[in-house]
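Me: I'm new to reading protein structures and would love some help with this one. Could we go through a few features together?

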Amino acid sequence: RSEFERLLTRGARRSLSGYTFYVGRREEGVPRLGILVSRRHAAKATERNGIKRCIREAFRLEQARLDGIDMLIRPPYGVRASAAMLAQVRQLFAKIAR
């Protein structure tokens with residue numbers, strides 16, 4: 001938790017397509033993901049969980065490219081979990097990996 005809080009204050013902040021990424025690089029290790037989804041994103045817990053599931057799946061599919069990255073992601077307000085969202089987040093992870 002403290003390492004992700006450090007990302008919020010000291011990490012590189014990037015905004016792509018409405019998504020906000022807080023990124024920190026490490027020398028080695030597996031990539032780690034934190035997700036910031038609040039009630040402002042979706043009032044119902046099931047909708048918030050769907051958003052988080054979609055982001056985690058995109059991360060799982062792209063994590064081979066993300067060596068040694070700690071990342072927090074905050075999706076835009078009003079986003080809904082869908083196949084289109086999954087594809088978009090995968091593309092954004094690929095851009096972050098470069």
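**Reading rings, helices and neighbours**

Reply: Happy to! Arg40 lies over the face of Tyr77, 4.6 Å from the centre of the ring. Keep in mind that this is a predicted model.

Me: How many aromatic pairs does a search of the whole structure find?

Reply: The general idea comes first: a pair of aromatic rings is described by how far apart the centres are and by the angle of the planes. Here the search finds two aromatic pairs. One is formed by Phe21 and Phe93, with 6.0 Å from centre to centre and 70° between the planes, an edge-to-face arrangement. This pair joins distant parts of the chain, since Phe21 sits in strand β2 (residues 19-25) and Phe93 in helix α3 (residues 83-97), 72 residues apart.

Me: Are Phe21 and Phe93 buried or exposed?

Reply: To judge that, look at the relative accessible area: under 20% counts as buried. Phe21 has 0%, so Phe21 is buried. Phe93 is also at 0% relative accessibility and therefore counts as buried.

Me: And why is the pair of Phe59 and Phe93 called edge-to-face?

Reply: Planes over 60 degrees apart count as edge-to-face. The planes of Phe59 and Phe93 are at 75°, with the ring centres 5.9 Å apart, so this pair is edge-to-face. Distant parts of the chain are linked here too: Phe59 belongs to helix α2 (residues 45-62) and Phe93 to helix α3, 34 residues apart. Phe59 counts as buried because its relative accessibility is 9%. Ring pairs thus join Phe21, Phe59 and Phe93 into a cluster.

Me: Now the helices. At what angle do α2 and α3 pack?

Reply: For two packed helices, look at the angle and the distance between their axes. For α2 and α3, the angle is about 45° and the axes are 9 Å apart. That angle makes α2 oblique to α3. The crossing of the two helices α2 and α3 is right-handed.

Me: Which residues make the contact between α2 and α3?

Reply: From α2 come Ile51, Cys54, Ile55, Glu57, Ala58, Phe59, Leu61 and Glu62, while α3 brings Met85, Leu86, Val89, Arg90, Phe93 and Ala94. You'll spot Phe59 and Phe93 among them, the two rings of the edge-to-face pair we just discussed.

Me: What does Ile73 touch, not counting residues up to four places away in sequence?

Reply: Leaving out such sequence neighbours lets you see which other parts of the chain meet a residue. Ile73 lies in strand β4 and touches Tyr19, Thr20, Phe21, Leu33, Gly34, Ile35, Leu36, Ile55, Val89 and Phe93. With a relative accessible area of 0%, Ile73 is buried. You can also set sequence distance beside distance in space: Ile73 and Val37 are 36 residues apart in sequence, and their C-alpha atoms are 8.7 Å apart.

Me: Is Arg74 buried or partly exposed?

Reply: Arg74 is at 31% relative accessibility, so Arg74 counts as partly exposed. Its place is in strand β4 (residues 69-74). Apart from neighbours within four places in sequence, Arg74 is in contact with Gly18, Tyr19, Thr20, Tyr22, Leu36 and His41. Arg74 and Leu86 are twelve residues apart in sequence, with 14 Å between them from C-alpha to C-alpha.

Me: One last thing: where does Ser17 lie?

Reply: Ser17 lies in the loop between β1 (12-16) and β2. Look at its backbone as well: Ser17 has a positive phi of about 55°, although Ser17 is not a glycine.

How values were computed. Residues numbered from 1 in each chain as written. Predicted model: local features only at pLDDT ≥ 70, side-chain atom pairs only at ≥ 80, totals over all residues. Heavy atoms only, no water. Phe/Tyr/Trp six-rings, centres within 6.5 Å; stacked < 30°, edge-to-face > 60°. Helix = DSSP H or I, 4+ residues; strand = E, 2+ residues; numbered from the N terminus. Buried < 20%, exposed > 50% of the residue type's maximum accessible area, 1.4 Å probe, protein only. Lys NZ or Arg CZ within 6 Å of the ring centre and 35° of its normal. Axes fitted to C-alpha atoms, helices over the stretch in contact; angles between N-to-C directions. Parallel < 35°, antiparallel > 145°, perpendicular 65-115°, else oblique. Left-handed = near helix turned anticlockwise from the far one by under 90°. Contact = heavy atoms within 4.5 Å.
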